[in-house]
Amino acid sequence: MTTTTIPKFKKAIVVGAGPVGCLTALALAKRGWLVDLFEGRPDSRLATSKVATAQRSINLAISHRGIAALEAIEPAAAQKFLQSSIPMHGRMIYKLSGELDSQLYDRDGQCINSIDRDLLNQGLLEEADASPNVRVFFNHKVVAADFENKSMTIRDATSNSEFTTDFDLCIGADGSYSVIRRQMMRVVRMNYQQEYIKDEYLELRMPAGRDRNGEPTFLLDPNHLHIWPRHSFMLIALPNKDKTFTCTLFAPTAELDRLRSADCILAWFKLYFPDALRAIGDKSLVKDFMTNPRSPLICTKSNPYHYKDRAIILGDAAHSMVPFYGQGLNAGLEDVRILSTLLDEEGVSSISDPQNTHDRRLSTVLQRYTDTRHEDLIAISDLAMNNYVEMRHSVTLLSYLFRKTLDNLLYAITAPEMVSLASLIPTLATVPYPSGKPKGWLPLYTMVTFRPDINYATVKKKAACQSSILTGLSWIGVSVLGAAGTWLVWSTRGMLLDYLHNN
């Protein structure tokens, strides 16, 4: 008589049920892992949870990197989310003079997508919850993690009780103030940097308008990301499916501190954002400004991201960045795609081996992730901060528009064919990034937003090289124009003297 040994599957604990945590749970579950997904907050799908999230931004900008990650792990969900999003093909710049300037993101019509935060999060949560390999626990907070013994202490806020559970791998996807990161820092020599920038942000709401039939309509063009750049601060607006816009004011703390009364708020908006004020309405603006929270802008950097074969942090838990490139969510989802491809490359099994307490292949995966991902995440964090200066000020300058025109001209000459997202997805589902350097001239925004096959570090290096060339060409252009202008002045002066002498 033969005895059949029933295989024991590895167990992962994912902490944080945001988009990154849910996608991680799905990626592991599809590989046969058993996954417990713990979330400290209530279930966002319940009506009673809406109040807790009502003052958070209700939309996100998802672009090719995030879409590629969703397609690689949950293709059906990716298509469903895109059908519920609003494409934004460019920036609409509102000058203080009242002039509008539409600046397209891409020559080939590629776009970023405004998507409802709850729709994305709850959709991924539904997918994870429907998986037979995933168990989801809300109101459960991590108290402590013992990575050596692979166990974790959890507090159930509903019953006010604690329990201990074991794991083979712990994934921290629990945001900027990550508990898992703090627990890892007790056993890992982790370099960690946290920086608050001098600006804060405040959410405002622009209501829907009404058409001739009384139906809701957009007050602004829904296919643009709207920006009111004012040098040291700015207002932006993103469209929602209900025909409203979510507006976000970014400004130095000292500037916002001066706006303490309704009269001050209205006078300030009339001075800097008169057209936005007309659309938002005086009463709505004052109400939102005085009741919605002012939130800090934080940037965090960590290294390493893992501990042995036991734990790893992803998303904001590993790398919070300012939102000015719209890459926070996209980079977090891309984290999951890269980890997923590395698991496949190293052939990590979902079957547990009780005789072996150290998973060599899994340890190799986590080490490769840290080694290859860190430079990329530092690069996009720096690029995001630099883009704030562009959005709030540079987009209005003639020098910026000249460089952008030259940038696009070189792009058209050297890279005439578009690389579509659909053509990249099959490869990105199997490898972190295709080998080889990107060919031709590529604008920085195109590389960051529409080329998920190019890692962020390469983007930054290529952009720096191209920027040097643009600067050189700009100086040549200025010199030529200067010489031409000097010749014109002297020629005109000579003709004028001749005219006066002869008349």
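I count a residue as buried when its relative accessible area is under 20%. The model I am reading is predicted.

**Entry 1: helix α1**

I looked up how well helix α1, residues 19–29, is covered. I found 11 of its 11 residues buried. The list runs from Pro 19, Val 20, Gly 21 and Cys 22 through Leu 23, Thr 24, Ala 25 and Leu 26 to Ala 27, Leu 28 and Ala 29.

**Entry 2: the sheet of 6 strands**

I traced an open sheet of 6 strands and noted the order β8-β2-β1-β12-β21-β20. Its pairing is mixed. Which strands stand at the edges? I found β8 and β20 there; each has a single partner strand, so one side of each has no neighbour in the sheet.

Inside this sheet I followed β1 (residues 11–15) and β2 (residues 34–38), which pair in the parallel sense over 5 bridges. I noted Leu 34 in β2 as the bridge partner of Lys 11.

I then went to the edge strand β8, residues 134–137, and picked out Val 134. Is Val 134 buried or exposed? Its relative accessibility is 6%, so I put it down as buried. I also took the C-alpha separation from Val 134 to Ile 298, and it is 32 Å. Along the chain these two residues are 164 residues apart.

**Entry 3: the sheet of 3 strands**

I found another open sheet, with 3 strands in the order β9-β10-β11 and antiparallel pairing. At its edges are β9 (140–146) and β11 (161–166); each has a single partner strand, so one side of each is left without a neighbour in the sheet. The twist from one strand to the next averages 25°.

I counted 6 bridges between β9 and β10 (residues 151–156), and these two strands run antiparallel. One bridge pair I wrote down is Lys 141 with Arg 155 in β10.

The loop between β9 and β10 holds Lys 150. Its phi is near 55°, a positive value although the residue is not glycine. Lys 150 has a relative accessible area of 15%, so I list it as buried.

**Entry 4: strand β16 and its partners**

I checked strand β16, residues 224–229, and found 6 of its 6 residues buried. Which residues lie on each face of β16? I have His 224, His 226 and Trp 228 on one side, and Leu 225, Ile 227 and Pro 229 on the other. Both faces are covered.

I followed the pairing to β5 (residues 90–94), which meets β16 in the parallel sense over 4 bridges. Here Gly 90 stands opposite His 224. I also found 4 bridges from β16 to β17, and that pair runs antiparallel. Pro 229 has Met 234 in β17 as its bridge partner.

I noted that β16 and β17 form a hairpin with 4 residues between them. In the turn, His 231 has a positive phi of about 70°.

**Entry 5: backbone exceptions**

My background note is that most residues other than glycine have a negative phi, and most peptide bonds are trans. I looked for departures from both.

Lys 243 has a phi near 75°, which is positive in a residue other than glycine. I placed Lys 243 in the loop between β17 (234–239) and β18 (245–252). Its relative accessibility is 28%, so it counts as partly exposed.

Where does a cis peptide bond occur? I found one joining Asn 303 and Pro 304, with omega about 5°. Pro 304 lies in the loop between β19 (294–303) and β20 (306–307).

**Entry 6: a nonpolar surface patch**

I found Phe 9, Leu 34 and Ile 351 forming a nonpolar patch on the surface. Together they have about 220 Å² of accessible area. Leu 34 is the residue I had already met as the bridge partner of Lys 11. Ile 351 sits in the loop between α11 (328–345) and α12 (360–392). At 34% relative accessibility, I record Ile 351 as partly exposed.

**Entry 7: cysteines**

How many disulfides are there? I took a disulfide as a pair of cysteine sulfur atoms within 2.5 Å, and the count comes to 0. I looked up the cover of Cys 264 and found it partly exposed, at 36% relative accessibility. Cys 465 is also partly exposed, at 48%. Cys 22 in α1 is buried.

Note on methods
Residues numbered from 1 in each chain as written. Predicted model: local features only at pLDDT ≥ 70, side-chain atom pairs only at ≥ 80, totals over all residues. Heavy atoms only, no water. Patch = residues over 30% accessible without salt bridge, like charges linked within 9 Å, V, L, I, M, F, W, Y side chains within 5 Å. Areas by Shrake-Rupley, 256 points an atom, 1.4 Å probe, with all protein chains shown as cover. Salt bridge = Lys/Arg side-chain N within 4 Å of Asp/Glu carboxyl O. Buried < 20%, exposed > 50% of the residue type's maximum accessible area, 1.4 Å probe, protein only. Pairing = 2+ DSSP bridges. Axes fitted to C-alpha atoms, helices over the stretch in contact; angles between N-to-C directions.
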